[in-house]
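Visitor: I would like to walk through this model with you. Could you take my questions one at a time?

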Amino acid sequence: MMRRIDVTGAGGVRLAAWEFGDPPKADPAADPARPAAAAPAEGEDVPDAARADGPPGVLLLHGLMGRASHWASTARWLAERHRAVALDQRGHGQSEKPQDAAFTREAYVEDVEAVLEQLGLGPAVLIGHAMGALTAWQLAAKRPDLVRGLVILDMRVSALGAASQREWGEWFKAWPLPFATLADVRKWFGGDDPWVERPNPSRGEFYAEVMAESPDGWRPVFEPAQMLRSRETWVYDAHWEELAQVRCPALVVRGLDGELGRAEAQEMVRVLPHGQYAEVADAGHLVHYDQPEAWRAAVEPFLDACTLE
């Protein structure tokens, strides 16, 4: 099963988190008026017993433009042995998208910090894709008490620069919005998109997941302007210093044809005090979509080792 949990993030932004599997059992000593699976009230401390008992926590963080449901297949097998929660980050999915909200690195990191504390999920393993991976390792550097392990999926550490940001702005303008049908979404992002080097049906499925039907057709559930605001807070800088501050075990995973090159990935492993490396063949940037079984095979042994420590 999957259930929604509402969480309050930085600046009061309302966030939607999704827990997969059976909800945690009620504490017999808890207030009987509270539902067994309810999240703690804002500002309320989570009892130590809630942290120590039950399966180890895993928090899944999607990349830019993504949403929690992108992790559904991963979360289902995680839920067999872990408390698996996926977050719709601010501006994404069903989380709040206020026009005046901050879309800074600090806001994204504080949101994840709030989720872990309000749900009593930490110390957890954080699994992040792309921008979500950056958020994960920045939090691990800031709050090592909340993070027991880290999986970094296809996220670069080096600065991407102004040219990259301009290209993204032009790419958004090229979207033929609105799409008439979801089939058109899959077709365009899976092969017709001029920014795609070769057809990739997984990419089409990925973007179909972030579309919603509107009166004139299918449009993204996010605002492209907010995505560009989010991206501009990290593309101009390198993030090696924060990476080096991560003290927990960390697994760097890349698709053979992804955006993270092998040399940079291996340098990340060298910089991480407890870094490990995994590479998935026949996969691009969307490793967990392109090769779900190989993705699981790469990650599961690392998770088992983290939760045994």
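Guide: Gladly; what follows is a short set of questions and answers on this predicted model.

Visitor: How many disulfides does the structure hold?

Guide: A disulfide needs two cysteine sulfur atoms within 2.5 Å. The sulfur of Cys248 has that of Cys306 as its nearest cysteine sulfur, 7.2 Å away, and Cys248 is in no disulfide. Cys306 is likewise in no disulfide. The number of disulfides in the structure is zero.

Visitor: Is Cys306 buried or exposed?

Guide: Buried means under 20% relative accessible area. The relative accessibility of Cys306 is 2%, so this residue counts as buried. Cys248, at 9%, falls under the cut-off too. For Cys306, then, the word is buried.

Visitor: Which helix gives the most to the largest nonpolar core?

Guide: That core has 65 residues, and Leu59, Trp137, Leu150, Ile152 and Trp175 have the most contacts inside it. The helix you ask about spans residues 131-142 and supplies seven residues to the core. Its name is helix 4.

Visitor: Which residues does Ile152 touch, not counting residues up to four places away in sequence?

Guide: Ile152 is one of the residues with the most contacts inside the largest core. Its partners include Trp137, which is also on that list of residues with the most contacts. The full set is Gly128, Ala133, Trp137, Leu243, Leu251, Val252, Val253, Met268 and Leu272.

Visitor: How many residues are in the second, separate core?

Guide: Among its members are Ala84, Leu153, Leu303 and Cys306. Cys306 fits the burial criterion, with 2% relative accessibility. The residue count of this second core is 28.

Visitor: Which residue has its backbone oxygen 2.4 Å from a polar atom of the Ser95 side chain?

Guide: Ser95 sits in the loop between strand 4 (83-88) and helix 3 (105-118), and this residue is buried, with a relative accessible area of 2%. Leaving aside neighbours within four places in sequence, Ser95 is in contact with Arg14, Leu15, Ala16, Asp88, Gln89 and Arg90. Of these, the one that provides the backbone oxygen is Asp88.

Visitor: Which residue caps the N-terminal end of helix 6?

Guide: Helix 6 covers residues 182-192, and its buried residues are Val185, Trp188, Phe189 and Gly190. Those buried residues pack against helix 5 (161-174), helix 7 (201-208), strand 7 (211-214) and strand 8 (217-220). At the N-terminal end, a side-chain oxygen of the capping residue lies 3.3 Å from the backbone nitrogen of Ala183, and that capping residue is Thr181.

Conventions:
Residues are numbered from 1 along each chain as its sequence is written. This is a predicted model: local features need pLDDT of at least 70, side-chain atom pairs count only at pLDDT 80 or more; totals for chains, interfaces and linings use all residues. Side-chain values use heavy atoms; hydrogens and water are left out. Buried means under 20% relative accessible area, exposed over 50%, partly exposed in between (1.4 Å probe, protein chains only). A nonpolar core is a set of buried Ala, Val, Leu, Ile, Met, Phe, Trp, Tyr and Cys residues joined through side-chain atoms within 4.5 Å. Helices (H or I, at least four residues) and strands (E, at least two) are DSSP runs, numbered from the N terminus. Contact means heavy atoms within 4.5 Å. A polar contact is a pair of N or O atoms within 3.5 Å; within protein, one must be able to donate a hydrogen and the other to accept it, and residues adjacent in sequence count only if both atoms are side-chain atoms.
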